[in-house]
Every structure is written in structure tokens, then in C-alpha cells.
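Biologist: I'd like to go through this model with you and ask how you justify the words you use for it. Shall we start?

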Amino acid sequence: MLPDIIFARHYSFHIFRKKNLHSEKKRLFLLCILACIINCTNAQVKWRDDSIPFNKIEWNNMSTSYFSDDADKMIALVTAIPYNGIDFIGMNKELDLFYTSSYYKYQSNLSNHFQKLDTYDSGNVYFVTPGIFKNNADSFEFRILKDGKVVMKPWCEITQFTDSNFQLNSFRKFCGFLGGYHTGFNHFITVELRRKNNLKNIAESSVYWKQIHPHIASVYTSDDLNIFLKRLKSAYTSPEELNESKKYTEEYSTIEDSLNHRAKMWIFNAGESNLIFYLNASIYWKGALEYSLLKNGKVVKDWQPNDYDNNFVWLHNLSNGNYELKMRYRMQRPNVSTYLFKIKPFWYQTNAFVAACIIFGLLLLTLIIFFILSRRRLALQKTKTQKLQLELRSVRSQLNPHFVFNALSSIQSLLKQSKLEEADYYFTEFSSLLRDTMRNNEKEMLPLHIELQTIETYVKLEQLRFAFKYQIKIEDIDTSAVEVPSLLLQPIIENAVKHGISKMRKEGEIILSVTSKGKDMIITIMDNGNGFSPSQQTEGFGLKLTKERLNLINQTLIEQYIDMHIESKAIATTVLFTFKNWL
Amino acid sequence: MVSGVIIDDEQNNILNLQLLLDKYKNEITISATAMNADEGIKIIKQHSPDVVFLDIQMPGKNGFQLLQALPHLDFEVIFVTAYDQYGIQAVKFAALDYLLKPIKAEELQYAIHKVIEKSLIKKQNLQLQNLVSLLQQSPKNQQQRIALPSATETRFVPVHEIIHCESKNSYTLIYLLNNEKVLVSKAIYEYEDLLSDYGFIRCHQSHLVNRKFVKSWIKKDGDYLLLDDGTELPVSRQKKMAVKTALVSF
């Protein structure tokens with residue numbers, strides 16, 4: 001197989017190259033004049049007559065301009081150019097390609113005599129002359145020109161001949177060897193061969209040192225694997241002939257190609273983990289092409305030889321991201337082609353999705369925290385409420401100590417005065433009040449009837465001390481049925497006695513009235529004392545506690561609430577309770 | 001003239017009551033006193049009093065156990081107790097009189113007059129017998145009879161025959177199974193207190209209902225309980241939750 005491939009080399013012959021050469025010539029001409037002006041210093045373009053020993057030449061790695069097996073019958077100039085596992089198929093349109101039996105054979109349209117060839121290797125190009133041997137060498141001469149102008153080697157005879165180790169195609173051994181030469185890229189060397197004293201060249205061969213970059217012809221994704229395999233089977237058929245879909249064949253440009261360094265980026269669908277980059281070059285050795293891969297600016301694969309002995313780079317196991325595929329030919333390492341491509345992320349790989357996830361997560365976290373906090377706050381509030389209720393209960397459970405001991409003192413006084421009936425009355429009423437208070441504070445709600453009984457007992461006792469008048473007026477209310485918060489009114493009455501009428505004695509009057517107004521029940525407690533300012537601090541602990549307790553009770557009520565309003569004037573104080581939706 | 005005995009575990013209380021009763025010496029005489037239940041049984045058997053002033057809480061046998069130990073309950077009892085602890089519920093259930101310590105003169109007077117009126121006709125004391133049978137039965141049994149004192153008589157009605165009660169100011173109208181209505185001179189909250197252990201629900205400030213007669217819950221411009229006899233009783237907003245809980249929990 002290998003010989004076939006090697007024999008299959010042929011060289012491109014570009015029309016446009018002529019133009020280039022032409023412009024190069026112009027430039028070089030100017031350069032030469034310049035060189036003459038500055039004291040005929042050597043031109044900076046290097047060239048060398050190689051002196052590698054003949055037997056060190058790797059003839060195996062040479063592509064030749066002729067294959068001809070009958071070349072020995074005629075005199076020919078054969079150019080041997082280093083092959084290095086690469087060839088550039090389909091570039092030359094001037095060469096007429098055909099093959100016989102097992103190898104290719106071609107004839108130049110421009111005849112065998114004049115050849116223009118490219119080399120991509122910075123190394124030597126060798127020239128041999130089948131048909132010229134020691135015995136007829138003295139009738140020929142050759143010279144070497146650089147860039148078609150500068151004579152590097154003037155006309156001279158062929159003095160070297162190949163030895164018995166020589167093996168190149170089917171050329172006969174011991175034929176003439178003109179030597180190996182090289183120059184810099186973008187320059188060319190011309191060898192001219194003629195019969196002595198005959199000005200007409202019988203053969204000419206120009207070799208141009210051409211810079212090349214790897215160039216992608218098409219890209220195959222996993223969907224295109226069938227097409228790709230078809231392509232592999234017929235490597236020398238153009239994509240057009242194979243009717244390839246040109247999905248990714250159009251806009252290939254490298255960073256180096258594009259003027260503004262903003263090459264087009266291919267965008268591949270999410271999940272494309274296999275991509276095959278097909279080069280429009282014929283590569284037969286993995287070492288010929290080198291590539292490196294960067295993902296999101298980081299090197300994933302450093303420079304390495306290609307993985308296949310073919311003209312494609314097959315990338316496996318790709319994930320979403322932005323990639324840079326860099327390629328170069330081993331023989332021209334400074335000439336790097338960089339292609340940009342991108343594999344789209346799946347919807348769940350997109351930044352938006354990740355952001356959404358994070359936001360959702362944060363939201364969930366906030367919600368959980370909020371939930372925990374609110375639960376804790378609720379628990380805290382509950383304990384606070386319970387604490388307050390306990391506090392209220394403990395306050396409710398106690399009669400005002402001031403009142404208790406005043407009452408006991410009154411009884412003592414009556415006993416001392418031997419007013420036994422009065423003392424007995426005072427005493428039993430006091431015990432009733434004590435009993436009611438102890439019993440009733442266990443319940444949050446009480447029948448209004450019982451509440452009023454307790455108030456009456458209290459008032460009776462206070463009457464013994466202060467001798468004021470009191471009235472309880474009830475209109476349209478079933479006091480046995482209606483319930484009110486237990487001991488709600490008692491502190492108000494106490495306040496009325498203490499701050500209101502205690503100093504007025506017999507002129508003092510307390511009126512408690514219970515009335516209805518639609519669905520509301522209204523209880524007013526009015527005294528004709530001097531009153532007090534509602535904002536005053538001295539309004540009493542009892543009043544303040546009642547307000548707090550009402551707040552608490554109102555929180556537990558549904559569609560009902562109790563409003564307390566205090567109106568204090570110079571001649572009377574009224575405390576008005578409105579029990580909304582109570583009846 | 002009515003004869004009475006006093007049974008109390010404290011000498012001072014006996015003395016106090018004797019002093020208080022001195023005011024009514026033309027109507028009532030105390031023939032004997034006892035300081036515990038066993039002695040009490042003895043003096044009751046000995047003296048056959050018309051009225052017994054009985055302390056409930058005593059060391060050894062209490063007042064109720066004393067009554068249960070007696071073969072004949074042909075006397076009136078005025079219970080005397082310091083605080084409305086356990087037991088007073090049964091006394092209330094039987095609609096018997098009781099005095100709370102320290103005794104109020106006016107309450108004593110009321111009780112004495114009531115007892116004297118009753119004791120004029122010497123007969124088996126049904127209320128007392130009812131109390132004793134109440135104490136023997138397990139609680140929450142709707143077979144138990146509750147005493148319903150009205151202006152003219154005291155009726156003993158099995159709890160399961162009461163459908164519902166309605167507040168009429170300080171009176172309560174009680175609806176019975178035989179379509180009878182009894183107006184009793186006690187407030188509805190007292191019946192709520194007595195009957196809540198028997199499956200009665202206070203569905204509204206004016207209504208107390210026997211759970212077993214509740215047919216369904218109706219919602220139309222508010223909530224109502226439909227009873228077996230077609231009566232609709234309102235459910236107040238505040239009681240709604242409590243009523244629901246009570247309806248399912250018994």
C-alpha cells in the first residue's frame with residue numbers, strides 16, 4: 001500500500017502562482033538594484049547547495065515530478081520534493097491526471113520540459129536526470145537560478161551520479177544528480193538543463209517554497225457519519241460529486257485569515273460530542289498534521305500529532321462550550337490555523353437555567369427561612385400570649401389588696417363598735433366576693449348576670465365605706481344568656497369608686513347601664529366624680545390592664561370585638577364598652 | 001315546730017349555725033348535733049328529724065355517703081359547704097338547697113322557710129332519693145333524672161327526654177320529648193353547667209341542645225342546627241368551632 005501512496009504524489013501547478021511570481025520578481029528586481037546600490041551586499045534570501053552525502057538522502061520520502069518507467073529512454077529533469085505524509089490534491093488544474101495499472105501517471109499540459117512545482121518543506125529539493133549517465137553527461141550543462149533572476153550556480157557540467165543505493169520510482173541507477181537546494185518561503189529556485197552550446201533549454205523546473213495553513217473543507221457531525229464514511233471510501237472525489245449536504249461547508253475562515261481577527265464561529269447543536277473536521281489536503285501520515293484544542297480559553301489538548309493517518313481531525317467527547325481548534329503542518333509549524341466553534345448547551349446547561357436554578361434555590365431557601373422564622377415567631381407569640389394570659393389571670397385572681405385590707409379593717413371597726421349585725425353582713429358579702437372572684441377567674445367568659453352579681457357585691461361593700469348611690473339599669477338584654485369576659489367591668493367600677501366618687505360621699509353616684517343597639521351591646525359605667533384625664537398616668541393599673549386584656553381578647557374573637565372608650569369631664573366620667581355583633 | 005339536727009366536723013361551725021338559728025327558735029329546734037357521719041346516722045335514726053343540716057366534706061364518710069347509708073330518706077336536707085367543690089354539682093342536679101360558708105343570714109332565712117313549708121307534709125323525700133341514686137350511677141348517663149323546679153312543682157325528668165333549653169332572662173324554658181315545655185326558675189348557664197357532661201351543647205347564647213337530637217347542620221344566612229322534631233336552632237359565630245368539635249367528639 002505504501003508505495004502506491006508514495007507514487008500517488010503529484011504537484012500542483014497554479015496559474016495564480018505565476019502572478020505571484022511575477023510580483024515577486026518585480027520586488028526582487030528592485031531589491032537587487034537596491035543591493036547593488038548598497039555596495040553589492042548579498043541578498044538576504046538564503047539558498048544553499050546541499051552537501052548531504054548522497055546516501056543519506058531519504059529517497060523514500062520523495063515525491064517526484066515523473067513516474068515514468070520509460071523515462072530512461074529519454075532525457076528528463078526529475079524533481080524530488082520531500083513528501084512528509086502530505087499532498088495537496090485537487091489544487092492543480094493544469095496537470096492532466098490519469099493512471100495506468102497500479103500507479104498514477106501524469107503529463108503536464110505544459111509538456112515535460114517545463115515544470116512549476118511547490119514545496120512545503122523548508123528542506124532540500126533534489127534534482128536528478130534520468131537518461132543522462134556518465135557516458136553522455138559531457139554533452140549537457142545546467143544552472144541554478146533564484147527567483148528567476150539571480151544566478152546561484154552558473155552553467156556547469158553534471159559531475160555527480162546516483163549510486164547503487166538509489167531507488168526512486170523506476171528510474172535507473174547511476175543517472176545524473178544535480179544536487180539538493182533550498183531557499184526561503186515565498187521564493188523559488190529554477191533549474192535549467194540544456195545541451196552544451198545550445199541556447200535552448202531542453203528542461204526547466206521551478207520549485208516554489210510555499211507557505212500553507214491547514215484549511216478545513218467541511219465538518220461532519222454525528223448526523224453526517226454516513227456521508228463521512230462515504231467520503232472516506234472515495235477520498236479523491238470532491239464533495240460536490242458526492243452530493244454532500246453543505247451544512248458546514250461554507251463559511252470556514254480562520255482567525256488568521258480574517259482581517260479583523262474575528263473569524264466566523266460555527267455553532268453546533270447541543271449534544272454534538274463528536275465532530276470531524278475534514279481538511280482539503282491529502283494527508284497520509286498522522287505526524288504531518290498537528291493540532292491543539294482550547295475550551296473556553298483553556299488548553300484541553302496541547303499540540304499533538306493528529307490521531308489518524310488521514311486528512312481529518314476527529315474530536316471525541318466534546319461538551320458544550322466555546323472551542324478553538326488550532327492546526328498546523330509539522331513542516332510549517334509557525335503557520336497555525338485557528339478555527340472557532342461552539343457547542344450549544346442543553347437548556348439545562350445554559351447560564352439562564354443555572355441562574356434560574358440558583359434564583360429558585362435562593363427563593364426556596366428564603367421561603368424555608370421565612371417559614372421557620374414565622375413559625376418561631378408564631379411560637380414566640382403564642383408563648384407571649386400564654387404568658388400574658390397567665391399574667392392576666394393572676395391579676396384577675398386577686399382582689400385589689402388595697403380593697404381587701406380596707407374591707408377587713410372595716411369589719412374590725414364594726415366588731416370593735418359591737419355592730420355585730422353590720423359586721424356579719426359586711427363579712428358574708430366580703431366572703432361572697434372572694435368566692436366569686438376565685439371561681440370566676442377560672443373562666444374566660446362569664447354570663448353577664450354573674451358578672452353583674454359580683455359587681456353588685458363589690459359595690460355594696462364599698463357603699464358601706466363611702467355611702468354613695470348606685471344603679472344598675474338593664475334594657476332588653478337577657479343577662480343570663482349573654483356572656484362577657486370575666487371580671488372585665490369590675491376594675492372600671494373600682495376605678496370609678498376610687499378616683500370618682502370616693503370623696504363625694506352621699507352626692508356620689510355610679511350608674512351602670514346595659515343596653516342594646518342593633519346587634520351591639522353597650523355597657524356604660526358613669527360616675528359623677530371630678531374625673532381624670534384619660535392620658536393621665538394615674539388612671540390606674542386596672543384600666544391599663546383592661547385595655548391590654550381587650551386587645552388580647554379581640555385577637556381571639558371572630559367578627560366581633562369589644563371597644564372601650566373613656567370620656568372624662570370635670571363633672572362626670574363615662575367608660576363606654578361597645579360589644580360589636582354581640583347579640 | 002320543726003326539729004333539726006346539725007352534722008359538721010367542726011365544733012365552731014355547729015355553734016355558729018346554732019347561734020344563727022336562734023333567730024328562728026320559734027320555728028325550729030335543734031335536737032342533736034354530731035361531728036362525724038357515723039354519729040350523724042345514729043342521731044338521725046334516734047331523733048327522726050325533719051331537717052338535717054349536713055356538711056358535705058367530713059373526714060371518714062362524707063355527707064353523701066351518710067345519706068347512702070340510711071334506709072329511709074324521709075327528711076329534708078340543707079347541705080352546708082365551704083366551697084363549691086365536687087359533689088355540689090349533684091346537689092344542684094337534684095335541685096336541693098345548700099348553704100355556703102360563711103352563712104349569709106338572708107340565704108339561711110330563705111332555706112329555713114322553704115324547708116318548713118315542705119316538712120309540713122311528712123313523706124318520702126323524692127329529691128333526696130334522686131340524689132342518692134344519682135350518686136350511685138356512673139356519670140354522663142342520660143338515663144339519670146334531673147330535677148326541674150318550677151313554680152308549682154319539681155319534676156324529675158330523664159336527661160334523654162330533654163331536647164333543648166332556651167334562655168328566658170333568668171328563667172329557662174325546657175323542651176321535652178313529649179312536646180311539653182317546662183319553665184324553670186334557673187338561668188340557662190346553670191343548665192349548661194349541669195348538662196354539658198351529658199352531651200348538651202351551648203350552640204347559642206340563648207340555646208342549649210341535646211346532641212342526640214341534632215339531625216343536621218344547615219347553612220342559610222348563618223348556621224343552624226336542624227333537630228329531629230324540625231326545630232332550627234341558630235349557631236352563633238363565636239360558638240361555631242366549639243359546636244363542630246362537640247358534635248364529632250362525643
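**Reading the labels**

Modeller: Happily! Keep in mind that this is a predicted model. Let's begin with A:R231, which sits in helix α3 of chain A, spanning residues 225-233.

Biologist: Why does A:R231 count as buried?

Modeller: The cut-off for buried is under 20% relative accessible area. A:R231 has a relative accessibility of 5%, so A:R231 counts as buried.

Biologist: What separation do you find between the C-alpha atoms of A:R231 and A:Y278?

Modeller: They are 9.8 Å apart, while 47 residues separate the two along the chain.

Biologist: Over to chain B. How do you know that strand β9 and β10 of chain B pair?

Modeller: Pairing needs at least two bridges between the strands. β9(B), residues 171-176, and β10(B) have 4 bridges, in the antiparallel sense, so by that cut-off they pair. As an example, B:L173 has B:L183 in β10(B) as its bridge partner.

Biologist: What makes β10 and β11 of chain B edge strands?

Modeller: Each pairs on one side only. The open sheet has 5 strands in the order β10-β9-β8-β12-β11 (chain B), with antiparallel pairing. Its twist averages 20° from one strand to the next. Helix α7 of chain B, residues 188-195, lies across these strands and runs at about 30° to β12(B).

Biologist: And which residues touch the most other members of the largest nonpolar core?

Modeller: Those are B:L67, B:F79 and B:L195, in a core of 47 residues. Beyond its neighbours within four places in sequence, B:F79 has contacts including B:L54, B:V91 and B:L131. A second, separate core has 44 residues, among them A:L489 and A:V575.

Methods: Residues are numbered from 1 along each chain as its sequence is written. Chains are lettered from A and ligands numbered from 1 in the order in which they are written. This is a predicted model: local features need pLDDT of at least 70, side-chain atom pairs count only at pLDDT 80 or more; totals for chains, interfaces and linings use all residues. Side-chain values use heavy atoms; hydrogens and water are left out. Helices (H or I, at least four residues) and strands (E, at least two) are DSSP runs, numbered from the N terminus. Axes are lines fitted to C-alpha atoms, for helices over the stretch in contact, and angles run from 0 to 180 degrees between N-to-C directions. Contact means heavy atoms within 4.5 Å. Buried means under 20% relative accessible area, exposed over 50%, partly exposed in between (1.4 Å probe, protein chains only). A nonpolar core is a set of buried Ala, Val, Leu, Ile, Met, Phe, Trp, Tyr and Cys residues joined through side-chain atoms within 4.5 Å.
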